[in-house]
Amino acid sequence: MIPLMALFDVGMKVLDKFIPDPEAKAKAQKELLQMQQEGRLAELNADNIEAQELTKRQQADMASDSWLSKNIRPMTLVFILFVYTSFAIMSAFEMNVHQPYVELLGQWGMLIMSFYFGGRTLEKIMDMKSKGKQDAAK
């Protein structure tokens, strides 16, 4: 877990590096301090921790010997998309589907897709940051 003060210090260092104008830098530092006081930095920290936990969960699934644990999430995504597409085809032929089912499947689909694609994007960003640190250390 990243301590909040460390996150705040990193933000200040970034501002020092990328904003040469003293007036603009002071304004940006004031906004960062306000974010810290409002708790938004804590929210960012919590989001970061959540993303790390999702990555750990995926790694644990892939390290398992069980075929089901490796494939349950992708199979669920395929099933949800298949059923949602089936409902769309049924509505094209004017077959009524109970609306709450369609909404529920749509919400589940968004949740699962955001887990896969959003989580993967965050992983790539973290990998790029760690590679940048390694390159700078060389």
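Is Ala-88 buried, partly exposed or exposed? Let me begin with that residue, and please keep in mind throughout that what we are looking at is a predicted model. Ala-88 sits in helix H4, and its relative accessible area is 42%, which means that Ala-88 is partly exposed, given that a residue has to be under 20% to be called buried and over 50% to be called exposed. If you would like a second way to place Ala-88, take Val-102, which comes 14 residues away in the sequence, and you will find that the two C-alpha atoms are 8.9 Å apart in space.

Let me now step back to the whole protein, so that we know where these residues belong. There are 5 helices and 0 strands, and anyone reading along the sequence would therefore write the pattern down as α-α-α-α-α. Of the 138 residues in the protein, 18% are buried. The area that the protein exposes comes to about 10,800 Å², and carbon and sulfur atoms supply 64% of that area. When we take the contacts with a separation of 6 or more, 52% of them are accounted for by residues that are 24 or more positions apart.

With that overview in place, we can go to the inside. Which residues form the largest nonpolar core? There are 7 of them, namely Leu-77, Ile-80, Val-83, Phe-87, Val-102, Leu-105 and Ile-112. Two helices, H4, which covers 67-92, and H5, which covers 99-137, each supply at least two residues of this core, and it is H4 that gives the most, with 4 residues. You will notice that Val-102, the residue I paired with Ala-88 a moment ago, is one of the members of this core.

Between those two helices there is a loop, and Glu-94 has its place in that loop, between H4 and H5. The phi angle of Glu-94 is near 60°, which is a positive value in a residue other than glycine. Glu-94 has a relative accessible area of 72%, and because that is over 50%, Glu-94 counts as exposed.

I would like to turn next to the second largest pocket, whose volume is about 180 Å³. Which residues line it? The lining consists of Leu-54, Arg-57, Arg-73, Thr-76, Leu-111, Ile-112, Phe-115 and Tyr-116, and these divide into 5 nonpolar, 1 polar and 2 charged residues. Helix H3, which covers 40-63, supplies at least two residues of the lining, as do H4 and H5, while H5 gives the most, with 4 residues. Ile-112 deserves a second look here, since it is listed in the lining of this pocket and also in the largest nonpolar core.

Let me finish with two neighbours in the sequence, beginning with Arg-73, which is among the residues that line the pocket. Arg-73 lies in helix H4, and at 26% relative accessibility it counts as partly exposed, because this value falls between the 20% and 50% limits. Leaving aside the neighbours within four places in sequence, Arg-73 is in contact with Arg-57, Asp-61, Phe-115 and Tyr-116. Asp-61 is 12 residues away from Arg-73 along the chain, and their C-alpha atoms are separated by 9.6 Å.

The other residue is Ile-72, which is likewise found in helix H4, and which, with a relative accessible area of 37%, is partly exposed. Asp-61 can serve as the reference point for Ile-72 as well, for these two are 11 residues apart along the chain, with 9.4 Å between their C-alpha atoms.

Definitions and conventions. Residues numbered from 1 in each chain as written. Predicted model: local features only at pLDDT ≥ 70, side-chain atom pairs only at ≥ 80, totals over all residues. Heavy atoms only, no water. Core = buried A, V, L, I, M, F, W, Y, C linked by side-chain atoms within 4.5 Å. Buried < 20%, exposed > 50% of the residue type's maximum accessible area, 1.4 Å probe, protein only. 1 Å grid on protein atoms, 1.4 Å probe; cavity = no way out; pocket = protein on both sides within 12 Å on 5 of 7 lines; lining within 4 Å. Points joined across faces, edges and corners; volume = space filled by probe spheres on them. Nonpolar A, V, L, I, M, F, W, Y, C, P; charged D, E, K, R; others polar. Contact = heavy atoms within 4.5 Å. Areas by Shrake-Rupley, 256 points an atom, 1.4 Å probe, with all protein chains shown as cover.
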